[in-house]
Amino acid sequence: MAAQPRYRVKRVYDAPEAGDGRRVLVDRLWPRGVSKQQASIDEWAKDVTPSNELRRWYHAEPDTRRAEFEKKYRAELAGDAPQDALARLRAEAAREPLTLVTAVKDPAHSHVPVLLGELGETPK
């Protein structure tokens, strides 16, 4: 029986912990004011992040565009490169804990829950 994927979500501004396992940045842009050493990132998975156009569109009116954003983001994730990256993340999570790292202020109201859903994990 294969191990269940395990994902954690942390803000890049939170200190890394031993239990984080592999740390993967899931933002399109590098976080402001954070050095690569401070972030302690093992991988930057740009292929699973919303496009710049979609990100800008959503941030203009997040309260009214959430449902449409999720639909459009899932459509972007259906492409070949994102699907390959999602498969790689699932495989990595089956081997060891995987922490999805983001700079967003409120990960629960960002692209992260959609990404977790696409990875097969129910967002908490």
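Which backbone oxygen lies 2.9 Å from a polar atom of the side chain of Lys-10? Hold that thought for a moment while I say hello, and mention that what we have here is a predicted model.

Back to the question. The oxygen belongs to Ala-15. Lys-10 itself is part of strand E1, which covers residues 7-11. Is Lys-10 buried or exposed? Its relative accessible area is 9%, and buried means under 20%, so Lys-10 is buried. Leaving out residues up to four places away in sequence, Lys-10 touches Ala-15, Pro-16, Glu-17, Asp-20, Arg-23, Thr-99, Leu-100, Val-101 and Thr-102.

Let's pick one of those partners, Asp-20. You'll find Asp-20 in the loop between E1 and strand E2, residues 22-25. Asp-20 is buried too, with a relative accessible area of 0%. Setting aside sequence neighbours within four places, its contacts are Arg-8, Lys-10, Pro-97, Leu-98 and Thr-99.

Now, the nonpolar core. The largest one has 21 residues. Which of them touch the most other members? Those are Val-26, Val-48, Tyr-73, Leu-98, Leu-100, Leu-115 and Leu-119. The elements giving two or more residues to this core are H2, H3, helix H4 (80-95), strand E4 (98-102) and helix H5 (112-118). Apart from this core lies another, of 6 residues, including Val-12, Leu-25, Val-34 and Ala-39.

Let me zoom in on Val-48. Beyond its neighbours within four places in sequence, Val-48 is in contact with Val-26, Tyr-73, Leu-77, Pro-82, Ala-85, Leu-86, Leu-89 and Leu-115. Leu-77, from that list, sits in helix H3 and counts as buried at 1% relative accessibility. Its own contacts, again without residues up to four places away, are Asp-47, Val-48, Pro-82, Gln-83, Leu-86 and Glu-118. For a sense of scale, Leu-77 and Val-12 are 65 residues apart in sequence, and their C-alpha atoms are 23 Å apart in space.

Over in helix H5 we meet Val-112. With a relative accessible area of 2%, Val-112 is buried. It touches Val-9, Val-26, Thr-102 and Pro-107, once residues up to four places away in sequence are left out. Between Val-112 and Asp-84 there are 18 Å from C-alpha to C-alpha, with the two 28 residues apart in sequence.

Next stop, the empty space. Rolling a probe the size of a water molecule over the atoms shows where empty space is left. Here, the largest pocket has a volume of about 670 Å³. It is lined by 23 residues, and the closest to its centre are Arg-55, His-59, Ala-103, Val-104 and Lys-105. What is the lining made of, by class? There are 10 nonpolar, 5 polar and 8 charged residues. Helix H2, residues 52-60, and helix H3, residues 62-77, each supply at least two residues of the lining. The largest share, 4 residues, comes from H3.

One last residue before I let you go: Ser-40. You can spot Ser-40 in the loop between helix H1 (36-39) and strand E3 (43-44). Its phi is near 50 degrees, a positive value in a residue other than glycine. Is Ser-40 buried, exposed or in between? At 33% relative accessibility, Ser-40 counts as partly exposed, because that class falls between under 20% for buried and over 50% for exposed.

That's the tour. Thanks for listening!

Conventions
Residues numbered from 1 in each chain as written. Predicted model: local features only at pLDDT ≥ 70, side-chain atom pairs only at ≥ 80, totals over all residues. Heavy atoms only, no water. Buried < 20%, exposed > 50% of the residue type's maximum accessible area, 1.4 Å probe, protein only. Polar contact = N/O pair within 3.5 Å; in protein donor to acceptor, adjacent residues only side chain to side chain. Contact = heavy atoms within 4.5 Å. 1 Å grid on protein atoms, 1.4 Å probe; cavity = no way out; pocket = protein on both sides within 12 Å on 5 of 7 lines; lining within 4 Å. Points joined across faces, edges and corners; volume = space filled by probe spheres on them. Nonpolar A, V, L, I, M, F, W, Y, C, P; charged D, E, K, R; others polar. Core = buried A, V, L, I, M, F, W, Y, C linked by side-chain atoms within 4.5 Å.
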